[in-house]
Amino acid sequence: MSTPALKIYNTLTRTKEAFEPIDRNNVRMYVCGPTVYDYAHIGNARPLIVFDVLYRLLRHLYGESHVKYVRNITDVDDKINARAAQRGITIRELTEETNKVFQEDVRALGCLEPDVQPRATEHIAQMVAIIERLIASGHAYAADGHVLFDVPSMPAYGRLSRRSLDEMLAGARVDVAPYKRGDMDFVLWKPSKEGEPGWESPWGRGRPGWHIECSAMSWKHLGETFDIHGGGIDLVFPHHENEIAQSCCAFGRDVMANYWMHNGFLQVEGEKMSKSLGNFVTIHELLHTEKFGGRKWPGEVLRLAMLRTHYRQPIDWTVKALEEADSVIDDWGRATSDLTPTAPTESFLNALTDDLNLSQAIAEMHKLKKVDASALLACTQMLGLKLPHFHSSHVEIPDPEVSSSHTSVNVEDLISARLAARAAKNWAESDRIRDELAAKGIALKDNKDGTTSWEVKR
Ligand code: AMP
Ligand code: ZN
């Protein structure tokens, strides 16, 4: 089987391009990570899941040890300061607690850990070094304890977002400040007051702006130029535009990353899910509470619900979409139980390598369910989807009452007896059998088509 070539839609050129890594033995990807002041919402989960699938695909194509994925943790930010003060805890306590839940959330969503998860507060030295280079090369200036990037000093500014300076000025909420030379100039460093987090620097005690953090962390872990930079579509302007300005001007390069990839929004009733609009559901509450649709949702259901829409299209987040994903997961689980995975098929890989065409890839998986369930299992593993395990035959089940012995139960026989009881409207007997099985740790699930399947609850 030949390995299909990867094609990626590049926001820089607005076209789908053949992916050519700078070094096939060291394929490098940076994705902007969370600001750890509050639980992540399911909109934030979209880039986590999309770029995890890309990471898995890159590892499949180039070899596990030849891919480096960096996703940062922003642990210095004014939103963090405000939240810590409001809750009466230290900044460190807040960021540690939030990061811990974040890591649990992404694990539950089936995402692999990135190779490096750098923290902004551990890269202040790199930020200062980049700012010094920018000042020395005439792309930044210090004023009143602030350092600003001089936007008109970079003729290529606006290349990613394709906006002219006039359009940016018209569209952006511009902070007017006496220390700014140009309206679009943005903050690289700002002074910290007493009680605010701060680091000593050539410009006095202060803290970094948000954009410089990513330029510093990607430089430290991936070098001056790398392959793929990802994030949500809202980051194109100003965040990614500013990252490019900082890195290109500091290192005298034309490009920071060769391919820029952006996922579309997850929406609620046509609007972006966001903290500021208040229309958000956290990953944590979907996993652990029954607030959304009256039940808990396993990570793999959330993951599949996300992957069924092309990553660049908007997704409308509904309970119905979760129910549909849930039934597909069950269906695939039942079809693949007790099988050993073989390998993802060529048509599946062709779809995935075509700019992550997951709708096509999933359509292939539905076909495989009928003809080659072992290959289907390999495809689900490639997508990082954990399937529930449904047993199909006679098994040994530990008897909770006699812990040293094992009782052999023919579950299928009991299920048949229960179906017969139900057909005879003997509900007492039907419930008794359900309870007998439940006591042995076996959960029954009645399906729409009149059959019953079961799984062992761990
Ligand atoms: P933030 O914490 O807002 O910086 O967001 C973290 C990541 O989630 C960024 O890559 C954002 O682009 C992405 N993101 C935020 N909201 C959404 C949304 N509603 N849909 C998809 N991606 C989002
Ligand atoms: Zn970033």
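**Reasons behind the descriptions**

Analyst: In this predicted model, L356 is found in the loop between α11 and α12.

User: Why is L356 called buried?

Analyst: The relative accessible area of L356 is 2%. Buried means under 20%, and L356 is therefore classed as buried.

User: What is noted about the phi of L356?

Analyst: L356 has a positive phi of about 50°, although L356 is not a glycine. D355 likewise has a positive phi of about 50° and is not a glycine. D355 also lies in the loop between α11 and α12. With a relative accessible area of 2%, D355 is buried.

User: Which atoms coordinate the zinc ion (ligand 2), and at what distances?

Analyst: The zinc ion (ligand 2) is coordinated by SG of C32, SG of C214, NE2 of H239 and OE of E243, at 2.1 to 2.3 Å. Donors are N, O and S atoms within 2.8 Å of the metal. The distances of 2.1 to 2.3 Å therefore satisfy the limit of 2.8 Å.

User: What makes the arrangement around the zinc ion (ligand 2) irregular?

Analyst: The four donor atoms subtend angles of 78 to 128° at the zinc ion. A tetrahedral arrangement would need all angles between 85 and 135 degrees, and the value of 78° falls outside that range. A square planar arrangement would need opposite donors over 155 degrees apart, whereas the angles extend to 128°. The arrangement is therefore called irregular.

User: How are the donors of the zinc ion (ligand 2) spaced along the chain?

Analyst: The donors follow the pattern C-x181-C-x24-H-x3-E. C32 lies in the loop between β3 (27-31) and α1 (45-62), and C214 lies in helix α6 (residues 210-222), so this pair ties together parts that are 182 residues apart in sequence.

User: How do you know whether C32 and C214 are buried or exposed?

Analyst: The relative accessibility of C32 is 13%, and the relative accessible area of C214 is 1%. Buried means under 20%; C32 therefore counts as buried, and so does C214.

User: Why is K190 called partly exposed?

Analyst: K190 has a relative accessible area of 23%. Buried means under 20% and exposed means over 50%, so K190, at 23%, is partly exposed. K190 lies in strand β7 (residues 186-191). Leaving aside neighbours within four places in sequence, K190 is in contact with D78, G145, H146, G206, R207 and P208. K190 and G206 are 16 residues apart in sequence, and their C-alpha atoms are 5.4 Å apart in space.

User: How do you know how α1 is oriented relative to α9?

Analyst: The axes of α1 and helix α9 (residues 299-307) cross at roughly 85° and come within 10 Å. Angles of 65 to 115 degrees count as roughly perpendicular, so α1 is roughly perpendicular to α9. In this contact, A45, R46, I49, D52, V53 and R56 of α1 meet R303, M306 and L307 of α9. By class, the contact has five nonpolar, no polar and four charged residues.

User: What makes α2 roughly perpendicular to α3?

Analyst: The axes of helix α2 (residues 78-87) and helix α3 (residues 91-108) come within 9 Å and cross at roughly 105°. That angle makes α2 roughly perpendicular to α3, because angles of 65 to 115 degrees are classed in that way. On the α2 side are I80, N81, R83, A84 and R87, which meet I91, L94, T95 and E97 in α3. The residues of this contact divide into four nonpolar, two polar and three charged.

User: What makes helix α13 mostly covered?

Analyst: Of the 10 residues in helix α13 (residues 373-382), nine are buried. Among them are A373, L376, L377 and M382. The buried residues of α13 pack against α1, α10 (319-336), α11 (346-353) and α12 (358-371). G384 follows α13 and has a positive phi, near 75°.

User: How do you know whether the peptide bond from F237 to P238 is cis or trans?

Analyst: The omega of this bond is near 5°, and the bond from F237 to P238 is cis. P238 has its place in helix α7 (residues 236-251).

User: What describes the protein chain overall?

Analyst: The secondary structure of the protein chain comes to 15 helices and 17 strands. Of its 458 residues, 52% count as buried.

How values were computed: Residues are numbered from 1 along each chain as its sequence is written. Chains are lettered from A and ligands numbered from 1 in the order in which they are written. This is a predicted model: local features need pLDDT of at least 70, side-chain atom pairs count only at pLDDT 80 or more; totals for chains, interfaces and linings use all residues. Side-chain values use heavy atoms; hydrogens and water are left out. Donors are N, O and S atoms within 2.8 Å of the metal (3.2 Å for Na, K and Ca); water is not among the atoms, so sites may look incomplete. Four donors count as tetrahedral if all angles lie between 85 and 135 degrees; four count as square planar and six as octahedral if opposite donors are over 155 degrees apart and all others between 65 and 115; anything else is irregular. Helices (H or I, at least four residues) and strands (E, at least two) are DSSP runs, numbered from the N terminus. Buried means under 20% relative accessible area, exposed over 50%, partly exposed in between (1.4 Å probe, protein chains only). Axes are lines fitted to C-alpha atoms, for helices over the stretch in contact, and angles run from 0 to 180 degrees between N-to-C directions. Angles under 35 degrees count as roughly parallel, over 145 as roughly antiparallel, 65 to 115 as roughly perpendicular and the rest as oblique. Contact means heavy atoms within 4.5 Å. Ala, Val, Leu, Ile, Met, Phe, Trp, Tyr, Cys and Pro count as nonpolar, Asp, Glu, Lys and Arg as charged, and the others, Gly among them, as polar.
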